[in-house]
Amino acid sequence: MKRVPVRTLGKIVRDLILLPFRLLISGGGALIYFPRRYSDIPEYSRWMEAVERIDYRSRHRNQTAYIDVEPGAVPERIWLLFGGNGALALDWLPVISFAPETADGFVLMDYPGYGFSEGCPSPSSIRDSIDDLVRTLISRFDLSEAEFCSRLGVVGHSLGAAIAMDTAARYGAKRVILVSPFTTMKSLAAMIVGSLPSRLLRHHYDNIASIAKWRADRGDDAHVFIFHGLEDELIPLSMAEELADRFPDCVTLQVVEGGDHNGILLKIRDTLLSMIVSPTLTSTLTRTQKD
């Protein structure tokens, strides 16, 4: 076997040690976001025929979302769906395409830098894009902001759970469903790269703070439903349990047996859709504990 020079070996070790710091010093973006384009998979071109594309501007850049609603209708409930850090908006179609005929409307958003959306993903750019998308939807449906918020529900998976919860807290959404959420991005980063480098993280997502704000604003009307897979290999179930323990009055946790991180949406699809189309989310809440 050819020996590796000591100098080269030392450089490899140094680079491995410094990798987490370089990722986080750069803002953490390389560790958090994994943008994809629709051109990567030709199948997406066929999926686009099933929904209406919405183009709008945010931060002087072109953004794209997709809407599934009866033509000319104003949905009784408007659901904003947010995917994980490697997901595209149309990845929600294998879920919502099985939804029964209802007066609900689904809005699927691509983050800046994903799909056809321009720019780079960050908490601030994603927030701005959501705000401009909301304004676009308000204009489209001819609603006031208060009317829009009264119809608003959010669903988010993984990173999208944090974005959904933040959106709910900012707009006072009536319904919130989170799938595979973490507590805070900093806590999750500490698990991945260690406590010290995680302190350099600048992309802050905090479900604890968002739930607290949303609950304070909505009072007794605040209910968050969480699904989390027992076999989640990326975000530990203990994080969802911590959210439920911190907010026992408003958070309901359902542990999904055999659910892993990426496959959980298809595993819970029927249950998720029955909750979405239910007249009141709270009527479907049943606290389920792990065996």
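## A tour outward from strand β3

Select strand β3 first, where both faces are covered: R77, W79 and L81 on one side, and I78, L80 and F82 on the other, are all buried. In a regular strand the side chains alternate between the two faces of the sheet. Six of the six residues of β3 are buried, so the strand is largely enclosed by the rest of the structure. Keep in mind throughout that this is a predicted model.

**The neighbours of β3.** Add residues 104-109, which form strand β4, and you will see that β3 (residues 77-82) pairs with β4 in the parallel sense over five bridges. Within this pairing, L80 stands opposite V107 of β4. Now add β5, which pairs with β3 in the parallel sense, again over five bridges. To find your place here, select W79 and look across to G153 in β5, which stands opposite.

**The whole sheet.** Widen the selection to the eight strands, which form an open sheet with mixed pairing, in the order β1-β2-β4-β3-β5-β6-β7-β8. Which strands stand at the edges? They are β1 (52-58) and β8 (251-256), and each has a single partner strand, so one side of each is left without a neighbour in the sheet. If you follow the sheet from strand to strand, neighbouring strands are turned by 20 degrees against each other on average, when direction is ignored.

**Helices on the sheet.** Select residues 123-141 next to show helix α5, which packs on the sheet and touches β1, β2 (61-68), β3 and β4, while its direction makes about 120 degrees with that of β1. Then select residues 159-171, helix α7, which also packs on the sheet, touching β3, β5 (152-157), β6 (175-179) and β7 (224-229); the direction of α7 makes about 160 degrees with that of β5.

**Helix α11.** Move on to residues 237-246, which make up helix α11, and colour L237, M239, A240, L243 and A244, which are buried. How are these buried residues arranged when α11 is seen down its axis? They fall within an arc of 165 degrees, so they line one face of the helix.

**Salt bridges.** The count for the model comes to 15 salt bridges, and a few of them are worth displaying as sticks. Return to helix α5 and select D132 and R135, whose side chains meet in a salt bridge with an N to O distance of 2.6 Å. Because D132 and R135 are three residues apart in helix α5, they are separated by about one helical turn. Is D132 buried or exposed? At 17% relative accessibility D132 counts as buried, since the cut-off for buried is under 20%.

Turn then to helix α10 (residues 207-218), where K213 and D217 lie four residues apart, about one turn of the helix. Their side chains meet in a salt bridge at 3.1 Å, N to O. An α-helix has 3.6 residues a turn, so residues three or four places apart point the same way. Of this pair, K213 is partly exposed, with a relative accessible area of 40%, whereas D217 is exposed, with a relative accessible area of 54%.

Select R218 and D221 as well, for their side chains meet in a salt bridge at 2.4 Å, N to O, and D221 is partly exposed, with a relative accessible area of 38%. As a last stop, display R127, D131, D166 and R170 together, which are joined into one network by salt bridges that share partners.

Key:
Residues are numbered from 1 along each chain as its sequence is written. This is a predicted model: local features need pLDDT of at least 70, side-chain atom pairs count only at pLDDT 80 or more; totals for chains, interfaces and linings use all residues. Side-chain values use heavy atoms; hydrogens and water are left out. Two strands pair if DSSP finds at least two bridges between them. Helices (H or I, at least four residues) and strands (E, at least two) are DSSP runs, numbered from the N terminus. Axes are lines fitted to C-alpha atoms, for helices over the stretch in contact, and angles run from 0 to 180 degrees between N-to-C directions. Contact means heavy atoms within 4.5 Å. Buried means under 20% relative accessible area, exposed over 50%, partly exposed in between (1.4 Å probe, protein chains only). The arc is that of the directions from the helix axis to the C-beta atoms. A salt bridge is a side-chain nitrogen of Lys or Arg within 4 Å of a carboxyl oxygen of Asp or Glu.
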